[in-house]
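Thank you all for coming. I would like to walk through one structure this morning, going from the overall layout to a few individual residues, and I will take questions afterwards.

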Amino acid sequence: MKRYRYNKIKEIVQSRSIETQEELAAALLKEGIEVTQATVSRDIKELMLIKIPTGDGHYRYALSPEENVLLSRSRINRLFQDSITKVDYSLNQIVLHTLPGSAQSVAFAIDHAKWDEIIGTLGGDDTILLIARSEADVQAVLKRISDLMKD
């Protein structure tokens with residue numbers, strides 16, 4: 001649901017002028033997504049939305065122009081450190097255990113990192129299944145994950 005909501009927020013701020021969190025919550029409600037003001041505030045922060053001038057003395061939310069700002073190395077480090085609780089593997093499959101509700105965010109980060117060794121991810125609520133191209137690729141992926149979990 002979070003990923004869907006994030007995509008809707010991006011659509012909304014790109015297609016119309018949204019000046020306040022309340023306007024964004026109302027636009028989401030029109031899309032069938034009921035959210036609290038606290039959720040909207042957190043989403044704005046996590047999506048790193050910025051306020052830009054509209055030219056008439058007002059400001060509106062917009063996506064940050066920086067490429068991959070959501071997937072910076074420091075954000076991924078923090079995400080992995082704060083979320084992953086256990087890593088296990090068998091053959092060409094790696095299982096990541098996370099705190100409840102964190103698996104989708106970690107899976108999203110891995111998907112968008114475009115690691116050549118990974119052919120797919122499947123994220124639940126607190127577990128992620130990674131499929132490596134081969135058994136030989138598993139150790140490289142485990143090293144990447146381990147490195148990202150370090151300070």
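Before I point at anything, let me say that helices and strands here are DSSP runs, numbered from the N terminus, where a helix needs at least four residues and a strand at least two. With that in hand, M48 can be placed in the loop between helix 3, residues 37–47, and strand 1, and I will come back to that residue later. Please also keep in mind that this is a predicted model.

Let me begin with the overall layout. The protein has 6 helices and 6 strands, and if you read along the sequence you meet them in the pattern α-α-α-β-β-α-β-β-α-β-β-α. The C-alpha atoms fill a box of roughly 60 × 30 × 25 Å along the principal axes, and of the 151 residues, 33% are buried. Among contacts between residues at least 6 apart in sequence, 52% join residues that are at least 24 apart. The accessible surface comes to about 9000 Å², with 50% of it belonging to carbon and sulfur atoms. As for charge, there are 20 positive and 22 negative side chains, and the centres of these two sets lie 1 Å apart.

Now to the strand pairs. Strand 1, residues 50–53, and strand 2, residues 59–62, run antiparallel and are joined by 4 bridges, with I50 facing A62 as its bridge partner in strand 2. These two strands form a hairpin with 5 residues between them, and in the turn G55 has a positive phi of about 100 degrees.

Strand 3, residues 84–90, pairs with strand 4, residues 93–98, again in the antiparallel sense, over 6 bridges; here K86 has H97 as its bridge partner in strand 4. The hairpin of strand 3 and strand 4 has 2 residues between the strands, and L91, which lies in that loop, has a positive phi of about 50 degrees although it is not a glycine. At 57% relative accessibility, L91 counts as exposed, because the threshold for that label is over 50%.

The interior is where I would like to spend a moment. In soluble globular proteins, nonpolar side chains tend to be buried together. Which residues touch the most other members of the largest nonpolar core? Of its 20 residues, they are F80, L96, W115, L130 and I145. Helix 4, strand 4, helix 5, strand 6 and helix 6 each supply at least two residues of this core. There is also a second, separate core of 16 residues, and I9, I33, V35 and L49 are included in it.

To take one member of the larger core, L130, and leaving aside its neighbours within four places in sequence, we find L130 in contact with several residues, among them N92, I94, L96, I110, V141 and I145.

Finally, two loop residues. Like L91, M48 is not a glycine, yet M48 has a positive phi of about 55 degrees; its relative accessible area is 28%, and so M48 is partly exposed. S102, by contrast, which sits in the loop between strand 4 and helix 5, is buried, with a relative accessible area of 15%. Apart from neighbours within four places in sequence, S102 is in contact with S83 and D125.

Technical notes. Residues are numbered from 1 along each chain as its sequence is written. This is a predicted model: local features need pLDDT of at least 70, side-chain atom pairs count only at pLDDT 80 or more; totals for chains, interfaces and linings use all residues. Side-chain values use heavy atoms; hydrogens and water are left out. Buried means under 20% relative accessible area, exposed over 50%, partly exposed in between (1.4 Å probe, protein chains only). Contact means heavy atoms within 4.5 Å. Accessible areas come from the Shrake-Rupley method with a 1.4 Å probe; for residues, only the protein chains shown count as cover. Lys and Arg count as positive and Asp and Glu as negative; His and the chain ends are not counted. The place of a charge is taken as NZ of Lys, CZ of Arg, CG of Asp or CD of Glu. Two strands pair if DSSP finds at least two bridges between them. A nonpolar core is a set of buried Ala, Val, Leu, Ile, Met, Phe, Trp, Tyr and Cys residues joined through side-chain atoms within 4.5 Å.
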